Every structure is written in C-alpha cells, then in structure tokens.
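Trainee: I would like a close look at a single charged residue and the partner with which it pairs. Please start from its surroundings and work outward, as far as the model allows.

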Amino acid sequence: MKPLGGGWDELLGGLFSDERYLKIREFLKNEYCTHTVYPDMYDLYNCFRYTSLNSLKAVILGQDPYHEPNQAHGLCFSVRRGVPLPPSLLNIYKEIENDLGIKEPNCGELTKWANEGVLLLNTTLTVREHLANSHSKCGWAWFTDSVIKLISENCENVVFILWGGNARSKAPLIDTKKHLILQCAHPSPLSAYNGFFGCKHFSKTNDYLISRGKQPIDWDLNKADG
C-alpha cells in the first residue's frame, strides 16, 4: 500500500501491521478479484489522503460506502462530480442552507470539505455492488474504531459529528474533555425529520473551532474549484 502521507502513517502504522488488518486485507484481495467492490481499491483510503492529520478539525462518520456504480470514492456521503445527488446528501445540503444560508450546490463531491480539515470516514470502508452492509462483518469496525480512538487520544479540539445510530454508537470512544461530540438522527429521508433537520451542526462546529482558536470550516461547496 502506498503511504497515506499527512501524518497518518505514523499514527496508524500499528494498525496496518496488526494481524486483524492483515485478515481484512486477505478478505479484500478475494473480494476485489471475484466481485465488484466499491470504492475502487485505489480510492480506499482517500479520506486520509485528502485530510492531513495536522489540519484535522472535524470528523464526520458515515456507515458504509455507496453500493451503486460510479458513486463511492473513499469519502463518506460524497459522490463524484456528475453523479446524481443521493437523498442523504441532499438533506445535508438542505440543513446547511437552513443553518448557514449557503445555497445548495449541484455537485456531490465533498473533497473541498476534506481539504478544509473534515475527515469523511465511513465505519466500514468497502462494500459489494448492490449489497449494502455486505462488508460490515469483515473487520472494518475494529479498524475504524481504532482510528477514532487514536484521533481522540492524539489530537485536541476536534468536532466529531455523529449522525444516526451506527455513528452515535462510537461516542464512548471519544474523550469529551478534549473534543466536542455533536450527534443526532441520520440525514436519510427515513429519519431526517426526527432531529437531523434543525440540528445546526455546521454552525455549532464552527462556533466551537473559533472558541478554540481555530479557523472555521468553509462549508460552501459552491466555491469548490475542482
């Protein structure tokens, strides 16, 4: 595997040499050879490659990647340019507009947020085509739980944004004396009206960052330059 850069290799090196990770790797070798798996293997760790550790301001936790063609590219909730916006992402955009007055963009690629210091981490990093949660039992939960704990232990003043039951179950991994946790319902159309709409997590994130002497995140994707 190519180095991740941005300080992640030093932080996560122990995970990549762990027996449990080596088992995940063997599982993936077979899956990529025998099935269609998303994201592409070269995009698997994009969340780390786009967001350096020393620029980290916030972590948004997703569940598993989109499982339809041309969608997933290694950043939770994000889809490549030109791909129709998934319903959950549309609801995220609606909440940003309600919270910050930012007009809904027509692109679903969130690399600008990643470059701003938002780690867009799925709790499961791969999936078979058309089969949601198909890789949820292969060991990724151990890996991403470990990532969350390492960030909590080694960083300060990070905002952890937890939407939905899967993400909220990770709250005990985070030291609330050092970090802020924001949690509510998932932005899915099935649950967005149960607490996601009106959560104001985007302005609350920036308020916290400013209070800690950090630059706020520019959530406006209409400024994305590609």
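At what relative accessibility does R80 stand, and what does R80 count as on that basis?

Mentor: Please keep in mind throughout that this is a predicted model. R80 has a relative accessibility of 34%, so it counts as partly exposed. Its partner D43 has a relative accessible area of 14%, and since buried means under 20%, D43 is buried. The two residues form a salt bridge in which the closest N and O atoms are 2.6 Å apart. R80 sits in the loop between strand 2 (58-62) and helix 4 (87-100), while D43 sits in the loop between strand 1 (37-38) and helix 3 (46-50), so the pair ties together parts that are 37 residues apart in sequence. As a general point, side chains of opposite charge can pair when their charged atoms come close.

This pair belongs to a set of 8 salt bridges in the structure, and another of them makes a useful comparison. K112 forms a salt bridge with D218, with 3.6 Å between the closest N and O atoms. Because K112 lies in helix 5 (residues 111-116) and D218 in the segment after helix 8 (201-211), this pair ties together parts that are 106 residues apart in sequence. Here the lysine K112, at 15% relative accessibility, counts as buried, whereas D218, with a relative accessible area of 24%, is partly exposed. D218 also meets K223 in a salt bridge of 3.1 Å, taken from N to O, and K223 counts as exposed at 53% relative accessibility. K112, E116, D218 and K223 are thus linked in a network of salt bridges.

Turning from charged pairs to empty space, there are two pockets to describe. The largest pocket has a volume of about 530 Å³ and is lined by 29 residues, of which Q63, D64, P65, Y66 and H186 lie nearest its centre. The elements that give two or more residues to that lining are helix 4 and strand 3, and the lining divides into 15 nonpolar, 12 polar and 2 charged residues. The second largest pocket has a volume of about 400 Å³, and of the 13 residues that line it, M1, R25, M41, Y42 and L44 are the closest to its centre. Helix 2 gives the most to this second lining, with 6 residues, and the lining comprises 9 nonpolar, no polar and 4 charged residues.

Helix 4, which follows the loop that holds R80, also gives the most to the lining of the largest cavity, with 3 residues. That cavity holds about 50 Å³ of space, and its lining consists of Y93, I96, E97, I102, K103, E104, P105, W113, W219 and L221. These residues divide into 7 nonpolar, no polar and 3 charged.

Finally, helix 3, which follows the loop that holds D43, is among the elements that cover the buried residues of helix 1, together with helix 2 (19-34), strand 3 (118-122) and helix 6 (140-154). In helix 1 (residues 8-16), the buried residues are W8, L11, L12, L15 and F16. They cover an arc of only 130 degrees around the axis, which puts them on the same side of helix 1. On the other side of helix 1, E10 and G14 are exposed.

Note on methods: Residues are numbered from 1 along each chain as its sequence is written. This is a predicted model: local features need pLDDT of at least 70, side-chain atom pairs count only at pLDDT 80 or more; totals for chains, interfaces and linings use all residues. Side-chain values use heavy atoms; hydrogens and water are left out. A salt bridge is a side-chain nitrogen of Lys or Arg within 4 Å of a carboxyl oxygen of Asp or Glu. Helices (H or I, at least four residues) and strands (E, at least two) are DSSP runs, numbered from the N terminus. Buried means under 20% relative accessible area, exposed over 50%, partly exposed in between (1.4 Å probe, protein chains only). On a 1 Å grid over the protein atoms alone, a cavity is a set of points where a 1.4 Å probe fits but cannot get out, and a pocket is an open set with protein on both sides within 12 Å along at least five of seven lines; lining residues have an atom within 4 Å of a point. Grid points are joined across faces, edges and corners, and a volume is the space filled by probe spheres set on the points. Ala, Val, Leu, Ile, Met, Phe, Trp, Tyr, Cys and Pro count as nonpolar, Asp, Glu, Lys and Arg as charged, and the others, Gly among them, as polar. The arc is that of the directions from the helix axis to the C-beta atoms. Contact means heavy atoms within 4.5 Å.
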